[in-house]
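Welcome! Please take a moment to look over the sequence and the 3D view before reading on.

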Amino acid sequence: KMSSSGNATPALRSSFIHPIQDRLCLAMCTARQARKMVLVSLKTTWLISGMKHEPKACIHAGFRPSSLSEIFRFSQRLRTKMLNRIGNTTIIICAGQQAEMITNTALALGGFLIMYQQYSVDDVQKLFTPILQQCVGYLEHSCSRGAIEDLSLRDCWLALHYARCAGW
């Protein structure tokens, strides 16, 4: 629902934009949808596309977490935006509407908070609790071993936390 001024009402904004930190939000929509739903001033808001869901080559692979290199590139892009932000600029990360894209974006953003801002896994889990029902678990089927493993976002965040503690 839009107000007479053209801005999205607070109820609409809160239904798809989730605050992560002061001036850092996660939106469950594409950047194009965010531009249409909220009057975005490019001087005060920067939109960043979230992680894509790329089907794996093996048809039995299942839904896998983003690779470390994908998480690293996302973190570098976000870190650069945060370092270059001016004044009260808000960064909105647009995760899309597909559960897999939201899940991979939550993984990457949570990984950024763990690796670069020293958040604990419990703190990240609390931040993402309102959107976890929109996420899906990872199911990885190894074509070479025939094994199936279930992984949660928390499992992946724990792995990144252990990597940080090991000095990676």
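The report below walks through the chain as a whole, then its helices, cysteines and loops.

## The chain as a whole

A good thing to know from the start is that this is a predicted model. The protein chain contains 6 helices and 6 strands. If you follow the sequence from beginning to end, these elements appear in the pattern α-β-β-α-β-α-β-α-α-β-β-α.

How much of the protein chain is buried? Of its 168 residues, 42% are buried. The chain exposes about 9400 Å², and carbon and sulfur atoms supply 55% of that area. Among contacts with a separation of 6 or more, 72% join residues that sit 24 or more positions apart.

## Helix 4 and helix 5

Helix 4 spans residues 99-117, and helix 5 spans residues 121-128. At what angle do helix 4 and helix 5 pack? The angle is about 140 degrees, and their axes are 10 Å apart. Angles from 115 to 145 degrees count as oblique, so helix 4 and helix 5 are oblique to each other. The crossing of helix 4 past helix 5 is right-handed.

You can find this meeting place in the 3D view by looking for a handful of side chains. On helix 4, the residues involved are Ala106, Leu109, Gly110, Leu113 and Ile114. They meet Val121, Val124, Leu127 and Phe128 of helix 5.

## Helix 4 and helix 6

Helix 4 also packs with helix 6, which covers residues 153-165. Here the axes come within 9 Å and cross at roughly 25 degrees. Because angles under 35 degrees count as roughly parallel, helix 4 and helix 6 are described as roughly parallel to each other. Helix 4 passes helix 6 in a right-handed crossing. Helix 4 brings Thr103, Ala106, Leu107, Gly110, Gly111, Ile114 and Met115 to this contact. From helix 6 come Leu153, Cys156, Trp157, Leu160, His161 and Arg164.

Some residues of helix 4 are worth finding in both places. Ala106, Gly110 and Ile114 meet helix 5, and Ala106, Gly110 and Ile114 also take part in the contact with helix 6.

## A buried alanine

Ala108 is another residue of helix 4. Is Ala108 buried or exposed? Ala108 has a relative accessible area of 0%, so it counts as buried. Its C-alpha atom is separated by 7.1 Å from that of Ser75, although the two residues are 33 positions apart along the chain.

## The cysteines

How many disulfides does the structure hold? There are 0. Cys29 is in no disulfide, and the nearest cysteine sulfur, that of Cys94, lies 4.9 Å away. A disulfide would need the two sulfur atoms within 2.5 Å.

What about accessibility? Cys29 has a relative accessibility of 2%, so Cys29 counts as buried. Cys25 is buried too, with a relative accessible area of 13%. Both values can be judged against the cut-off for buried, which is under 20%.

## Two loop residues with positive phi

Where does Arg23 sit? Arg23 is in the loop between strand 1 (17-21) and strand 2 (24-27). Its phi is near 65 degrees, a positive value in a residue other than glycine. With 25% relative accessibility, Arg23 counts as partly exposed.

Gln118 offers a second example to look up. Gln118 lies in the loop between helix 4 and helix 5. Its phi is near 55 degrees, again a positive value in a residue other than glycine.

How values were computed
Residues are numbered from 1 along each chain as its sequence is written. This is a predicted model: local features need pLDDT of at least 70, side-chain atom pairs count only at pLDDT 80 or more; totals for chains, interfaces and linings use all residues. Side-chain values use heavy atoms; hydrogens and water are left out. Helices (H or I, at least four residues) and strands (E, at least two) are DSSP runs, numbered from the N terminus. Buried means under 20% relative accessible area, exposed over 50%, partly exposed in between (1.4 Å probe, protein chains only). Contact means heavy atoms within 4.5 Å. Accessible areas come from the Shrake-Rupley method with a 1.4 Å probe; for residues, only the protein chains shown count as cover. Axes are lines fitted to C-alpha atoms, for helices over the stretch in contact, and angles run from 0 to 180 degrees between N-to-C directions. Angles under 35 degrees count as roughly parallel, over 145 as roughly antiparallel, 65 to 115 as roughly perpendicular and the rest as oblique. A crossing is left-handed if the near helix is turned anticlockwise from the far one by less than a right angle, and right-handed if clockwise.
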